[in-house]
Amino acid sequence: MQALGGARNGILSLTIKDKAVLYAAYMPFVQNGGLFIPTNKPYKLGDEVFMLLNLMDEPEKIPVAGKVVWVTPRGAQGNRAAGIGVQFTDEDNTAVTKIENYLAGSLESDRPTHTM
């Protein structure tokens with residue numbers, strides 16, 4: 001039996017236990033919010049992904065549906081980490097609400113973020 005869709009149907013599990021790491025990964029400039037996820041797996045723009053997001057020390061993982069909106073390949077210029085930018089497609093915004101609560105006050109700071 002062959003798996004259909006390859007990486008497209010994979011579930012990404014992401015654990016972020018540090019506020020600075022969450023701040024660096026969060027993409028508030030993407031409609032509905034999003035996260036940069038380090039990965040060496042091959043993805044294409046538009047691929048649909050499903051994530052199980054574990055934030056800080058919460059016992060429950062947050063299920064989040066998303067779409068790949070950018071890809072940083074291995075060996076990218078400037079020693080950038082390989083990975084994908086995932087735009088959240090969930091309507092209930094549970095992940096965005098929790099992330100922004102953890103980052104309250106940090107999002108208006110002058111620290112640089114990922115740029116497209």
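Student: Let me start with helix 2. Which elements do the buried residues of helix 2 pack against?

Tutor: Keep in mind that this is a predicted model. In it, the buried residues of helix 2 pack against helix 1, strand 2, strand 3, strand 4 and strand 5. Those buried residues are A95, V96 and I99. Looking down the axis of helix 2, you'd find them within an arc of 95°, so they line one face of the helix.

Student: And the sheet? In what order do the strands of the open sheet come?

Tutor: Here's the general idea: strands of a sheet pair through backbone hydrogen bonds, either parallel or antiparallel. In this structure, 5 strands make an open sheet in the order 1-3-4-5-2, and the pairing is mixed. Strand 1 and strand 2 are the edge strands, each pairing on one side only. From one strand to the next, the twist averages 40°.

Student: Which way do strand 1 and strand 3 run, parallel or antiparallel?

Tutor: Those two run parallel, joined by 6 bridges. To find the spot by eye, look for S13, whose bridge partner in strand 3 is L52. Helix 2 packs on the sheet too, touching strand 2, strand 3, strand 4 and strand 5, and its direction makes about 40° with that of strand 3.

Student: What about the pairings of strand 5? How many bridges join strand 2 to strand 5?

Tutor: There are 5 bridges between strand 2 (residues 34-38) and strand 5, and the two run antiparallel. One bridge to look for is G34, with Q87 as its partner in strand 5. Strand 4 also pairs with strand 5 in the antiparallel sense, this time over 6 bridges. There, V71 has I84 as its bridge partner.

Student: Why is strand 5 described as largely enclosed by the rest of the structure?

Tutor: Check burial residue by residue. In strand 5 (residues 83-88), 6 of the 6 residues are buried, so the strand is largely enclosed by the rest of the structure. Then see which way they point: G83, G85 and Q87 go one way, while I84, V86 and F88 go the other, and all are buried.

Student: Which residues touch the most other members in the largest nonpolar core?

Tutor: Of its 25 residues, the ones to pick out are L22, L35, I37, L53, F88 and I99. Strand 1, helix 1, strand 2, strand 3, strand 4, strand 5 and helix 2 each supply at least two residues. The largest share, 4 residues, comes from strand 3. Try zooming in on I37: leaving aside residues up to four places away in sequence, I37 touches L12, L14, M51, A82, G83, I84 and V86.

Student: Now the charged side chains. How many salt bridges are there?

Tutor: To spot one, look for a Lys or Arg side-chain nitrogen within 4 Å of an Asp or Glu carboxyl oxygen. By that rule there are 2 salt bridges. One is K17 with D57, where the closest N and O atoms are 3.7 Å apart. K17 sits in the loop between strand 1 and helix 1, and D57 in the loop between strand 3 and strand 4, 40 residues apart. Both K17 and D57 are exposed.

Student: And which side chains meet in the salt bridge of 3.4 Å?

Tutor: That's K98 and E58. K98 lies in helix 2 and E58 in the loop between strand 3 and strand 4, so the pair ties together parts 40 residues apart in sequence.

Student: Is E58 buried or exposed?

Tutor: E58 counts as buried, at 17% relative accessibility. Its partner K98 is partly exposed, with a relative accessible area of 30%.

Key:
Residues numbered from 1 in each chain as written. Predicted model: local features only at pLDDT ≥ 70, side-chain atom pairs only at ≥ 80, totals over all residues. Heavy atoms only, no water. Buried < 20%, exposed > 50% of the residue type's maximum accessible area, 1.4 Å probe, protein only. Pairing = 2+ DSSP bridges. Core = buried A, V, L, I, M, F, W, Y, C linked by side-chain atoms within 4.5 Å. Contact = heavy atoms within 4.5 Å. Arc of directions from axis to C-beta. Axes fitted to C-alpha atoms, helices over the stretch in contact; angles between N-to-C directions.
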